Amino acid sequence: MNPEVLLSRIRVVLCRTSHPGNIGAAARAMKTMGLSNLYLVEPKQFPDPEADARATSAVDILQRATVTSSLKEALVGTSFVVALSARQRDIGPPISAPRETVARLIAEAGQGEVALVFGNETVGLSNEEILNCHAAVTIPTNPDFSSLNLGSAVQVLCYECRMGAYAELPPLLEQGVTPFSSPPATHDEVEGLYSHLEAVMTNTGFYNPEQPGRLLPKLRRLFARARLERDEVNILRGILASTQVRTGHGRKG
Ligand code: SAH
């Protein structure tokens, strides 16, 4: 596939950015590497002259940026999502290296929209945000000083995306594709499955919202690892719906 088309399918999502200058720096980093879809989740200050100044000739990216009030909203329509994290968390997908994960991201971009998600300058990504992602990447650094400036982290990943998009791509997704495979499920379709699952598990008593424990994060991690197809989400939701019919839950009247 045309590398520019692949790059056009990658969203850069910045969560709760504090400094408008970093938003401008991210836009500049993106444009130098041929990316253009910027999403801003609850930016503290945007638009802002400091963002425009740091973007230099990439102000067009700022003007076209999409501002949302939640990460879920920024991920609607995406089917593969990578979190950028300066450290390993005790929750969410295991940490992987930028190059191998970007190779997968580019392969997934051959099928649909994908996203790179960056955290706030001080606190990084929240656990809830990380649980919306299929993979997590840490840029290898000096262990004594591992946190990059947000704009610099965006630059490193956008560079890897450009290199990946222009590299000879092995047919990653072609391997193992069966005749009955379906398109990847989008983020919002999988969120629909989670809500359905939570409702059924609550009804059956398997899940107690008063004592949630780690059940829901573990299920999210399981399904993120599987990278569900649309047909698979429909099958799972069909199974859930069938249990609701038998137990009388979800029946009208
Ligand atoms: N103190 C924060 C760091 C925030 S830096 C923390 O410990 O998480 C702002 C954002 O830049 C991070 O949320 C992450 O998305 C990205 N970033 C910075 N350094 C990184 C690194 N070494 N690897 C991957 N992402 C990094």
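Which pocket does the space taken by the ligand form? In this predicted model, the space taken by the ligand is the largest pocket.

**View 1. The ligand pocket.** A pocket is an open set of points on a 1 Å grid over the protein atoms alone, with protein on both sides within 12 Å along at least five of seven lines. Residue numbers start from 1 along each chain as its sequence is written, local features need pLDDT of at least 70, side-chain atom pairs need pLDDT 80 or more, and totals for chains, interfaces and linings use all residues. Side-chain values use heavy atoms, without hydrogens or water.

**View 2. The shell around the ligand.** The ligand has 19 residues around it (a heavy atom within 4 Å). Leu84, Arg87, Ile139, Ser146 and Leu148 come nearest. The shell holds eight nonpolar, nine polar and two charged residues.

**View 3. Polar contacts of the ligand (N or O pairs within 3.5 Å).** A polar side-chain atom of Arg87 lies 2.8 Å from a ligand oxygen. Backbone N or O atoms serve at Ile139, 2.8 Å from a ligand nitrogen, and at Leu148, 3.0 Å from a ligand nitrogen. Alone, the ligand exposes 540 Å² (Shrake-Rupley, 1.4 Å probe); the protein buries 93% of that.

**View 4. Two domains.** The domain assignment gives domain 1 (3-165) and domain 2 (187-247). Their C-alpha centres lie 28 Å apart. In contact (heavy atoms within 4.5 Å) are 16 residues of domain 1 and nine of domain 2.

How values were computed
A polar contact is a pair of N or O atoms within 3.5 Å; within protein, one must be able to donate a hydrogen and the other to accept it, and residues adjacent in sequence count only if both atoms are side-chain atoms. On a 1 Å grid over the protein atoms alone, a cavity is a set of points where a 1.4 Å probe fits but cannot get out, and a pocket is an open set with protein on both sides within 12 Å along at least five of seven lines; lining residues have an atom within 4 Å of a point. A molecule sits in a cavity or pocket if more than half of its atoms lie within 2 Å of its grid points. Ala, Val, Leu, Ile, Met, Phe, Trp, Tyr, Cys and Pro count as nonpolar, Asp, Glu, Lys and Arg as charged, and the others, Gly among them, as polar. Domain bounds come from an automatic or database domain assignment.
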